[in-house]
Amino acid sequence: MINPVHLRTLLEVVRRGSLAAAATQLGYTASAVSQQMSALERDSGVKLFHRSARSVLPTDAALVMSRHAAKVLTDIDALLAASARTEEGTSQELRLGIFPSLATHVLPRLLRSPEWPGLGINLHVSVGEPQQTIGGLRTGGELDVALVYQVGQSGLAWPHTINRQWIGDDDFRVVLPKAWGIRPGSVVEAAQLSDMPWIMHHPGTSDAAVIERLFASCNLYPRVAVYSDDFNASLQLASVGLGAALVPELALQGRPENVVVLDVPEIRLARNIFALLINDNRTARVEVFVDKLAGILQEVTGASHVDLTP
């Protein structure tokens with residue numbers, strides 16, 4: 001019989017790329033994580049990792065198992081949530097903070113799904129940027145869960161009492177006006193984009209600093225035509241020819257027709273998306289809610305990543 005705890009640990013090892021990183025996230029020692037993975041290999045009869053002195057790499061079997069494990073664990077959480085709902089006989093109030101593009105392109109899909117009524121959640125939503133929603137958690141009463149993003153390693157801080165759960169990545173893409181005549185999906189070197197006008201974040205923000213360092217590492221020194229921290233505005237301004245823009249895939253769900261998305265191999269950047277949860281308010285229903293959002297996020301960004309044409 002496979003232990004669900006071991007499946008959760010497998011997911012974190014595959015997501016994080018190392019036993020030590022998974023241990024840090026889960027609150028285990030690296031040795032405990034290694035023992036769990038060895039036990040899972042024994043129980044399943046499948047080799048899950050290629051081990052060497054310096055690294056642990058998942059096998060193809062581990063990747064397949066992790067994909068199925070995500071669904072199995074969601075089903076287990078749903079079972080627990082349904083049992084709790086039967087026991088309690090009432091819905092649970094969930095006060096959610098969420099950033100705009102996730103609220104626009106992911107949350108509505110869950111609320112429209114046939115599964116939503118069965119979760120037994122009475123949802124109250126506050127839409128705002130991560131700095132605002134984290135503030136709601138800090139005050140100890142306004143929010144139960146905050147869905148936030150982080151670009152790079154700086155710009156956000158939260159209380160040590162908050163549990164952080166990674167739910168997905170939102171890759172940035174280079175967007176150009178269609179009128180510039182570059183074919184959608186074209187592979188372009190970053191240096192070729194230097195002489196073009198760009199729509200950039202306002203200077204001084206942590207995101208702007210990360211992007212500036214990335215561009216400099218690619219010898220890309222943009223000629224700034226517009227400053228904008230609103231991705232919808234950036235897309236609209238790109239569509240009328242004001243400049244190129246770096247936009248996350250979630251925002252591309254609502255992109256206008258007159259833009260094209262390029263592949264620039266040197267520009268690899270993502271928003272790491274997390275759920276910040278107050279431990280006292282973590283229940284089976286909340287876990288199911290977060291897991292289902294993570295699944296929809298993967299579907300949305302995965303589809304966007306494949307389809308680069310307008």
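Hi everyone, let me begin with Arg-15, which is partly exposed because its relative accessible area is 38%. For the vocabulary, buried means under 20% relative accessible area, exposed means over 50%, and partly exposed is in between, with a 1.4 Å probe and protein chains only. This is a predicted model, so local features need pLDDT of at least 70 and side-chain atom pairs count only at pLDDT 80 or more, while totals for chains, interfaces and linings use all residues. Residues are numbered from 1 along each chain as its sequence is written, and side-chain values use heavy atoms, with hydrogens and water left out.

So what does Arg-15 pair with? Its salt-bridge partner is Glu-12, with the closest N and O atoms 3.2 Å apart. By salt bridge I mean a side-chain nitrogen of Lys or Arg within 4 Å of a carboxyl oxygen of Asp or Glu. Arg-15 and Glu-12 sit three residues apart in helix 1 (residues 4–16), which means about one helical turn separates them. Helices here are DSSP runs of H or I with at least four residues, strands are runs of E with at least two, and both are numbered from the N terminus. Glu-12 is buried, at 7% relative accessible area.

How many salt bridges does a search of the whole structure find? The count is seven. Let me show you two others.

Next up is Arg-51 with Glu-41, another salt bridge whose closest N and O atoms are 3.2 Å apart. Arg-51 belongs to strand 1 (residues 49–51) and Glu-41 to helix 3 (residues 30–44), so this pair ties together parts ten residues apart in sequence. Is each partner buried or partly exposed? Arg-51 counts as partly exposed at 41% relative accessibility, whereas Glu-41 is buried at 15%.

Then there is Asp-144 with Arg-95, a side-chain salt bridge at 2.6 Å, N to O. This one links distant parts of the chain, 49 residues apart: Asp-144 is in the loop between helix 7 (130–138) and strand 5 (145–151), and Arg-95 is in strand 3 (residues 92–98). Asp-144 is buried, with a relative accessible area of 5%, and Arg-95 is partly exposed at 24%. Back at our starting point, salt bridges with shared partners join Glu-12, Arg-15 and Arg-16 into one network.

Finally, a word on helix 2 (residues 19–26), where Leu-26 lies. Leu-26 is partly exposed because its relative accessibility is 32%. Thanks for listening, and I'm happy to rotate the model for anyone!
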